[in-house]
Amino acid sequence: MKNKIFKIIILIIGISFNLFIFSQSMLSGNTSGGFSLKIVNIINNILRTININIDLDLLHLLVRKLAHFTEFFILGFIWFFIYKNYFKLNKTFILTLIHGAITALLDEGIQLFIDGRGASLFDSTIDFTGVFTITLILFLSFKRKEHLDDL
């Protein structure tokens, strides 16, 4: 019973996180840019207190791209464990990557219809890199554990 409840909870978390990603894509360009500029200003103020100056446009670009990577890193983490509840490790690896790729493409596709936004294959690549990174880390960790258990 506990295992069934856990599976339901983690599935709800996974679906919710997908919806969160899509909701961020539905924000207008101005709204989305405004959120990231607030973060840029906080980071810039911290950097200036330790005498590090960085071009604000470059910092803004880095913050936005790191947000893509991080969102999809988390997405990959969540869905890896969802799929692992139902499938063997190799299939979990493949399904998590497919899920991440489809989500990344849908995410960018949504932005085609949003004021001030546009689809970017580069952003989809960053998104997929986040999913791939965590999926590979988890896959190799579990493979190593399986190998050690066999010893």
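**Close-up A. Asn 51 in the loop between helix 2 and helix 3.** This view of the predicted model looks at the stretch linking helix 2 (29–49) to helix 3, which is where Asn 51 sits. Check the backbone here: Asn 51 has a positive phi of about 60°, even though it is not a glycine. Its side of the story at the surface is simple, as Asn 51 counts as exposed, with 68% relative accessibility.

**Close-up B. A salt bridge between Asp 123 and Lys 65.** Here we zoom in on one of the 2 salt bridges in the structure. The closest N and O atoms of Asp 123 and Lys 65 are 2.5 Å apart. Asp 123 belongs to helix 5 (residues 121–150) and Lys 65 to helix 3 (residues 56–84), so this pair ties together parts that lie 58 residues apart in sequence. How buried or exposed are the two partners? Asp 123 is buried, at 8% relative accessible area, while Lys 65 is partly exposed, at 22%.

**Close-up C. A salt bridge within helix 5, between Lys 143 and Glu 146.** Now we move along to another pair, Lys 143 and Glu 146, whose closest N and O atoms are 4.0 Å apart. Where do these two residues sit? Both are in helix 5, 3 residues apart, which is about one turn of the helix. As for the surface, Lys 143 is partly exposed, with a relative accessible area of 32%, and Glu 146 also counts as partly exposed, at 36% relative accessibility.

Notes: Residues numbered from 1 in each chain as written. Predicted model: local features only at pLDDT ≥ 70, side-chain atom pairs only at ≥ 80, totals over all residues. Heavy atoms only, no water. Salt bridge = Lys/Arg side-chain N within 4 Å of Asp/Glu carboxyl O. Helix = DSSP H or I, 4+ residues; strand = E, 2+ residues; numbered from the N terminus. Buried < 20%, exposed > 50% of the residue type's maximum accessible area, 1.4 Å probe, protein only.
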